[in-house]
Amino acid sequence: ERMTLFLKSIAGGGGYASSHDEEAAAQSIGFFDHVFKAQLKNFSEELGTKLQLASSDDRQKEVSITCKQEYLEISETVGNGINSRERLVMSIHFREMAKLTWDHQHSSTKIELKSPAGCFMIFVVENSLELEQNLGLRFIGAVREKMLSPALVPIFAYLGMFAGPTKPKPFERKRANLTAIKQGKMPPLALMRSIALERHRGSERPLPSAKSRRMELAKDHIHDGVVSFSVFSASGAQGLSDMRCQNARLTLDEEGLAYTNDVSERGVAVASTTTRRMGIPYRDLLGWDVVDGDQAGAGGDVTRNGLTLQCGDGRYHFAVEDVNHLRVSFEFFFNKFRAAANGLPAQPGTTHGRGLRSIHTLMGE
C-alpha cells in the first residue's frame, strides 16, 4: 500500500503517468547509466570542501551528471586532447537529497541536500525535462528494488512556467482572470491552436534568446523604470508631420510618454542637429488605439503600425516595428496611472498595471 501511494505521488507531483511502459522503464532503468552534460552555476559555501574542482572558476564549471541506480556522480573533464579524462568530483546518494527544484524555462535544476542543512547545487543542463523524467523513474525503480525508502524520496518542486503541484498541459485552458469581462465558453482547441500559431508567426514571433527584445525591455524597466522604442515615422500636432525621424525614440514611464527626435538645424554655417523633446502626460489623453499590420484594416501600410493618441490639441501617431511590445508596455503604464490617479480599474481586455513585487529563482526570492 505504501508503494502504491508513493508511485501515485510521483505520478502526480512529477507529471508522470502510471502507464505500463513507464513501470517497465522504472524497473529496468537502474541497469543503465545516463550522462547529462551540465554547467555548475552555483553552490553553497558548505560544499566548497567537497567540490574539489580543478578549475579556478568553480561556479561556471562544465561538468557531467551521471545517473546511476541509486546515486548521482558529478564529474569534470581534466586535461586536453587525447590526455583528457573524466575525474569524479562528488557522489550523491538518492537518500541524501532533500529536494529537487526545477526551472524548465531556463533548463536548470537545484539539488538540495539533507546534510549539511541548507546545502545546494544549481545546474544548467541541455534538457531539464529529460533529466527530471530520468530521475523520477530511477526513484521509482530504487523503491521497487528496496534501495530507497519511499519516505526518503526527494521532493519535487517547480518554478516559472511549470510552477505548481503538477505540470500544465501544452495549452492551459483555465487561467486567472482579473478583468471585469464575463467569462464565456472557451473556443475549440483547434481554433485556439490556429490563433496561437498565427500570433507565433506574426507580430509576436519569438527571437533568439540572445536577441530577446522582451528581455531588453524588462531590464530597462527594472534598472531605469522606463521602456523605450525606436520610431520610424511620426505624425500629428506640434509639427510632427513635417519632421523627418532621425534617431527618434518613444519612451514610456509612469507619468506619460516622451518623444525625442534629432532635428537638423537649417540656415547655419556648420551643419548640426538638436534633440527635440515632446511630452504627452497620460492625464491629457482622450483616447488611444494600437494598430498592428497583421490585423485587418491596416492595408499593408507599415507606417500605420503603431500607437495613436487623441489629445486635446490634436491627434498623434507613432509608427514602430515592435508593435506588440509597445501595446503591452503602454497598457501596463496607462492602467497603472488610471489606478493611482483616479482609482479606476484596468480597461477590459488590456494588460494590467500591476507592479513587480518579487522574482523567484532557484537562488530564492
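This briefing walks through T308, the sheet around it and the helix lying across that sheet. Keep in mind that the model is predicted. The mean pLDDT of the protein chain is 78, with 74% of its residues at 70 or more. T308 sits in strand 15, and helix 6 lies across that strand and strand 14.

**T308 up close**
- You'll find T308 in strand 15, which covers residues 306–311.
- T308 counts as buried because its relative accessibility is 14%, under the 20% cut-off.
- Its side chain makes a polar contact with the side chain of H317, at 2.8 Å.
- Setting aside neighbours within four places in sequence, T308 touches G287, W288 and D289, plus R315, Y316 and H317.

**The sheet**
- Strand 15 belongs to an open sheet of four strands, ordered 10-16-15-14, with antiparallel pairing.
- Strand 10 (233–236) and strand 14 (285–291) are the edge strands, each pairing on one side only.
- On average, neighbouring strands here are turned by 10 degrees against each other, ignoring direction.
- Strand 15 and strand 16 (residues 314–319) run antiparallel and are joined by six bridges.
- Across from L307 you'll see F318, in strand 16.

**Helix 6**
- Helix 6 spans residues 323–342 and lies across strand 14 and strand 15, running at about 155 degrees to strand 14.
- From first C-alpha to last, the 20 residues of helix 6 reach 27 Å, close to the 28 Å expected at 1.5 Å a residue.
- Its buried residues are V323, N324, L326, S329, F330, E331, F332, F333, F334, N335, F337 and R338.
- The cover over those buried residues includes helix 5 (213–224), strand 9 (227–230), strand 11 (249–252) and strand 12 (256–264), along with strand 14 and strand 15.
- Right after helix 6 comes G343, with a positive phi near 70 degrees.

**Where to be careful with confidence**
- For the protein chain, the mean pLDDT is 78, and 74% of residues get to 70 or more.
- Residues 11–18 have pLDDT below 50, and this stretch has 20 contacts in the model beyond near neighbours in sequence.
- Residues 168–176 also have pLDDT below 50, and that stretch has twelve contacts in the model beyond near neighbours in sequence.

Technical notes
Residues numbered from 1 in each chain as written. Predicted model: local features only at pLDDT ≥ 70, side-chain atom pairs only at ≥ 80, totals over all residues. Heavy atoms only, no water. Helix = DSSP H or I, 4+ residues; strand = E, 2+ residues; numbered from the N terminus. Buried < 20%, exposed > 50% of the residue type's maximum accessible area, 1.4 Å probe, protein only. Polar contact = N/O pair within 3.5 Å; in protein donor to acceptor, adjacent residues only side chain to side chain. Contact = heavy atoms within 4.5 Å. Pairing = 2+ DSSP bridges. Axes fitted to C-alpha atoms, helices over the stretch in contact; angles between N-to-C directions. Expected span 1.5 Å × (residues − 1). pLDDT = per-residue confidence, 0-100.
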